[in-house]
Amino acid sequence: MVPPAYKKRKRSPLPSHNGDREPSHIQDSGALFEQQSKVADKMASTRSSLAAQNDTRSPSTLTPCSIYHSNLFQLQVDELLLKVRSHEGRMANAENALRKLKTIIERIPNREPRSILQAEREQHESHTVRIPFPNPQPKTDAKFTLAYSKPANINVVGSYARKTAIQTEDQLGIDLAVTMPLSIFQDKDYLNYRYFHKRAYYLACLATAIEEAEECTFVIKYMYQHGNHLQPVINVSPGTGDDDFSRSNCQISIVLAANGAMFPMSKTLPDKNCVRTKTEEANTSDSLAIPTPFYNASLRSECSSLAYLKFLHGASLQSIGFANACVLGSVWLRQRGMRASLSGGGFGAFEWACMMALLLQGGGHKGKPVLSKGYSSYQLFKATLKFLAMTDLVAKPLLIKAEFVDVTASEHPVLFDGARGMNILYKMTPWSYAMLRHDARSTLDLFDDPLSDHFHACFIASFNDPKQKFGSIILLPLRQIRPSASRTTDAISEGMAFCGQAYQALKTGLGDRVSLIDIKPPEKPAWSPMNSKQHTTRTSRIQVGLLLNPEQSNRTVDRGPSAEDKEKAAAFRKFWGEKAELRRFKDGSIQESLIWPQKDPQKTVLEQVVTYIIRRHLGEEAFSGSNFIREPLECLLPYQSITSAEARAVHQPGMTGFEPLMTAFEILEKAIRSLKGLPLQIRQISPAHPQLCYTSTRVPILNPSQCQMDPANVHVQFEGSNRWPDVIEAVQRTKIAFLLKMGEILEEATPNLSARLGLENTDRKMLNNAFVDIIYPSGAFFRLRVHQEGELHLLERTLRDGSHTQAGRDEAGSAISTYKRNFVHAPLHTQALRNLSTRFPLLSPCIRLMKTWLDSHLLSTHISDELIELLTIRTFKHPVPGYPPDGTMPAFLRTLAFVAKWDWRSEPLIVDCSKEEKMDSKAINDIQFRFEALRKLDPARNRVAIFAASNIDPKGVTWTELGPPNMIAARFTSLARAATALAKEQGLAFEPEALFVPSMTDYDFVIYLAPKFTMGQHGAEKAVEPVFKNLQTRTQEDRSRLGFNPVRMYVDELRKLYGNNVVFFYNSQGGSVIAGLWNPQTGPRPWRIGVPYNTTPLASSGDGEDYVSINKHTTLHDIARLGGDMLLRIEVKQ
């Protein structure tokens, strides 16, 4: 989703903001806002009814667009197909270069057959270009000879020739295929690399001619085709003058091809052996030799390049949507990092096109086609995805028109094209095929989510960043290799052999701790033709990505096979060595087991398991050079100040630290329900605070010597009664009486429990005026409020009553919004978060991390906690890749990526907070219609900048009517973009701490606070543990400072006094600075009587007007005087 460019417009007036987010800035317009909300509801209801009427169409009236999710989706797909195709107008220079290369190749003279020693000597003495022989190198006394003859033909092949190439950030690849003549080969050249050695010499002759041609200035290099060391090709880069085709943004590769009838197809089938030892050559039976499917497929791919060009061209003629489906598949693969090279997974645009073409011919039940020729491009694309997701080509290989082929069981996928004799998936590995199927399933799941942007998630969003994809990443040095004999027999490179060895070891050892293992070997760079071999660097590493199972990844006990199963028990002990031990469990079973004690809190159980596997099965050198990129983000989460070192050691990130408070809440709930002596029975007790749904920034660790500073809000609702007063002020007084009585009874029932009555909103009689603080001896701190349903009726009656003044009705409208937010939506939101946190264990730390990030950039008091929670819930409930994140880092970065690309001006945020069921389309349409109605009523977004709705809050303004305004929302987006860009730029060297460092250069002034009035780093309050018991007792008894935060009170006072003139920013979790921005409306303006701030005169202008602006010096002086000893200094931006 790329946000559109917007024209600069004048800033709208900045509303004032209250630090604790009370609706003070809408007190004078509450009635107007309620009226606008009702108008928007009416407009949305009308549009929803019309849409329902228009949708009652019979199936016979559906248009061809019905195959898409919507008409908009079809238009987006059509526009994508136009944009991604290569522009032919820019390819003129590249085509001229192709013609020149063809001319040079055609005039190369023939070379007589010569021995390998003679050929190498000639290249070394007479030319500068070397022969890129693949490993193993040919013996100098080999009995075959090397020769060069004019090519049989020269053609452009690949996606460029088929007009299905797409434009990407990378250069467009153009393949110029040179078909080698039959005369230089012999019948047995398919054996023992003889074909590839002759091929290398032929390629060196081409490179020599291009390098020595006087009329061209092309720059050539050797490179491996798709990373296959058996197939070096010539890479041609732009030269100078007429040879400069850089404007075409492409690279030309000269690839070699062979005649399809050169070698019998039966000799290169997957079950045949073409790399034989002397013993195997003496043995006439092929059944005893180890098959070499990779070698055979590499050879057959060169013999069938032109055949596949004709095959795919025929498929595009038979199916009108085939070409566009190839383009859609190429885009989908590119966005997920899948390419045709071995390092890219071995599945690219060519393999996608071949798979679709084969499925148009067969692969279904009784050999019938899987795909229909009448399908549109999108239908072909989606059906191919479904085939990839539902068909396991490893367990059940698919053979099309290949009745004569017998494919043995293997760990590699097989889609065999019998007509051309090749497995088109021969470059795929077990891990890349599993990743491909996983991406296909995830994309299909996206199409089933009504709240996901299907087009953006499928074709626009990029999933190449491993930090957003995998919960854990391991880097292993590539040079520590111990390949097995069977892999080297099949011409698998040592690097790929090591990858296979690592995959098998990790897959066996990790088991259900991970759901997927993906391995990315490094790309093989091009090298100079003056060198016969590619020089590998010692720093080359393979990247191992682990898709974790959060419920199992860090378990401390692994249960192996039973002791009675001798064979499996022996295999278990052989794999784990001395780590395995026999144990009797509580259920009486005796099993092999593994124990992973968590001695080092900085090292997770998963890291212990992985490092043990690497050391035991990949060698000590691989272990010493490995780098486990674990999640360092939990250390950035703030923690509650405690004085017990033992309690802090026990603390772990996640939901574990919240359990003591949850237990205390259950005790409080039981105590309240068992109260005797109250005039009414308790109907419901509802938690309504982040601490009670695992999402508070700090973990509320309980300690008898020091209570948590922030109370957890709890609402108590009594049964209905007609004895409640019918005057709102009297209702508030009655609630005070209930709270006093509850506090007294709780103090009598629980020893050492403290209950204190507190007042709030004393200047606003229509709001809740009282609460009672319950402090348990354990340190648990709760704040009880009484929820009385009749308040809403009384407030609405006041709003409708014409006898009241406009100010009274405005106050009633503001009170209605506050009542619904605090007593209706907050408990529902808290309960939804509790349910989702148990379903997604990583949701809690990710929300806390997002709040910490927002705190570090001084925006937490402008953006509600609930909005951040909804944004994070969206990452888990509506994941853009199609599957929820498996780690804190992927979840955090995905949430930031969404915020960075989310156009909140024209798109609502809709989140389904239900645990299992999904929102229906009618509810989603109603929310969308309401958003559009609100935007029509308030196009400048002065009332509501961000619209955030959910299934429990369909109105969408509950958590955003108090803010953020346009300026803060834009700041939020820009910070997310900067953070996402930094994470992408740093790659795997990403340092998360850099994202939490605020920049003070954008503020007009910065107030620095004294350390004794602030909290320590990451919100940890500085506390000293009492040395003597009597002092500790006094600390337990002195609780008068609970909930006291002087910095917060100071900022609230500043906003109350200067909120219309200055926007204040500070970290609510204990920051040491308060930043400010002057409202642009306080700048130069004509002098008038009644300017609502202290002004200073400016120089008179030419029009005779006297101009004034805010007196910044005096205002800052008043701010400093109000802060007193809390302030160290104020820095003003010059």
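Tutor: Let's fix one term up front: exposed means over 50% relative accessible area, buried means under 20%, and partly exposed is in between. Keep in mind that this is a predicted model.

Student: Okay, which residues sit on the face of H4 turned away from its buried side?

Tutor: That face carries His 124, Glu 125 and Ser 126, which are exposed. The buried residues of H4, a helix spanning 116-126, are Ile 116, Ala 119 and Gln 123.

Student: What makes those buried residues a single side of H4?

Tutor: They cover an arc of only 65° around the axis, so they lie on the same side of H4. In general, an α-helix has 3.6 residues a turn, so residues three or four places apart point the same way. What covers the buried residues of H4 includes strands S1 and S2 and helix H5.

Student: Why is the contact between Arg 583 and Glu 581 called a salt bridge?

Tutor: The N to O distance between their side chains is 2.5 Å, and the cut-off is within 4 Å, so the pair qualifies.

Student: And why is Arg 583 called partly exposed?

Tutor: Its relative accessible area is 37%, which is between 20% and 50%, so the term fits. Glu 581, at 30%, is partly exposed for the same reason.

Student: What is the bridge partner of Glu 581 in S16?

Tutor: Ser 593. Strands S15 and S16 run antiparallel, joined by four bridges.

Student: How do you know that Lys 735 and Glu 791 link distant parts of the chain?

Tutor: Their side chains meet in a salt bridge at 2.7 Å, N to O. Lys 735 is in helix H22 and Glu 791 in helix H23, 56 residues apart. Both are buried.

Definitions and conventions
Residues numbered from 1 in each chain as written. Predicted model: local features only at pLDDT ≥ 70, side-chain atom pairs only at ≥ 80, totals over all residues. Heavy atoms only, no water. Buried < 20%, exposed > 50% of the residue type's maximum accessible area, 1.4 Å probe, protein only. Helix = DSSP H or I, 4+ residues; strand = E, 2+ residues; numbered from the N terminus. Arc of directions from axis to C-beta. Contact = heavy atoms within 4.5 Å. Pairing = 2+ DSSP bridges.
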